[in-house]
Amino acid sequence: MYEHSLTVLDQAIGLEGRYGLHGDLVVRLAALLHDIGKPRTRALLPDGRVAFHHHEVVGEKMARARLKALRFPAGVVTDVSTLIGLHLRFHGYGPGEWTDAAVRRYVRDAGPLLTRLHVLTRADCTTRNRAKAARLAQAQDDLEKRIARLSEQEELARIRPDLDGNEIMRILGVPPGRIVGQAYQHLLELRMEHGPLGPERATQELLAWAEGEGLDVSGPGDSGPADSGPDVSGGPDV
């Protein structure tokens, strides 16, 4: 594992220029520590194989604790540990196997770390099996192309529901609070699953959700103008 980690680090450094990153501390620390959770999760399977289930989850926590103890800046700690937690996500991808919704979620979860995640996942391929290495590289190429295509169509980096918090309050006739946040998350999931809905369909979906939740709504309410206060989205910018 140690040799693998050093190889991944070396390959990540070699990929930095390809992605416009140079001397990137976050990428290099993530490459060095990405498998830090493996020793704690090592398990021998009945068939004699060794598994490291959820080592990325354990590794994320371990890296966060270690980098804090070493007094790295908070932003570096967060970014490195987040990359470690995400570094296996790509391995569930295969051409044609992920829906557009899955690609959107991948982009949303990576956020501003997406480019660094590309570097880490490419660098993490150290197999000597040329056919397997070629398949992984092709899959990564395909994923990045799909992300670029969807980004052109939908501005993936700033995915939000088709209705904001103020519009939700106006349509449902409710004040700021828990209901607005729940409605926002429901519309966000629809946006991730189906892409842009447009205001009309989003309104219909919102009203259907409200009815299912047992809320007493009959259509856009008159509880106040949409710009009567700050935008209450009920969730972080994504």
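**Close-up views of salt bridges and helix α5 in a predicted model**

**View 1. The salt bridge between Arg64 and Glu60 in helix α4.** Arg64 has a relative accessible area of 26% and is therefore partly exposed. In this predicted model, Arg64 pairs with Glu60 in a salt bridge whose closest N and O atoms lie 3.6 Å apart. Glu60 is likewise partly exposed, with a relative accessible area of 23%. Both residues belong to helix α4 (residues 55-69), and because they are 4 residues apart in it, about one helical turn separates Arg64 from Glu60.

**View 2. The salt bridge between Arg146 and Asp100.** The closest N and O atoms of Arg146 and Asp100 are 2.9 Å apart, and the two residues form a salt bridge. This pair connects distant parts of the chain, with Arg146 in helix α8 (residues 130-154) and Asp100 in helix α6 (residues 100-110), 46 residues apart. Arg146 has a relative accessibility of 9% and so counts as buried, the limit being under 20%. Asp100, at 35% relative accessibility, counts as partly exposed.

**View 3. A network of salt bridges.** Arg89, Arg105, Arg108, Asp109 and Glu189 are joined into one network by salt bridges that share partners. Side chains of opposite charge can pair when their charged atoms come close. The count of salt bridges comes to 14.

**View 4. The salt bridge between Asp47 and Arg49.** The side chains of Asp47 and Arg49 meet in a salt bridge with an N to O distance of 2.6 Å. Asp47 has a relative accessibility of 48% and therefore counts as partly exposed. Arg49 reaches 53% relative accessibility and so counts as exposed, the limit being over 50%.

**View 5. Helix α5 and the helices that its buried residues contact.** Helix α5 comprises 13 residues (residues 74-86). From its first C-alpha to its last, helix α5 reaches 18 Å, close to the 18 Å expected at 1.5 Å a residue. Val76, Val77, Val80, Ser81, Leu83, Ile84 and Leu86 are buried in α5. The buried residues of α5 pack against α2 (25-33), α4, α6 and α7 (114-123). Among these neighbours, α4 also holds the salt-bridged residues Arg64 and Glu60 of View 1, and α6 holds Asp100 of View 2.

Notes
Residues numbered from 1 in each chain as written. Predicted model: local features only at pLDDT ≥ 70, side-chain atom pairs only at ≥ 80, totals over all residues. Heavy atoms only, no water. Salt bridge = Lys/Arg side-chain N within 4 Å of Asp/Glu carboxyl O. Buried < 20%, exposed > 50% of the residue type's maximum accessible area, 1.4 Å probe, protein only. Expected span 1.5 Å × (residues − 1). Contact = heavy atoms within 4.5 Å.
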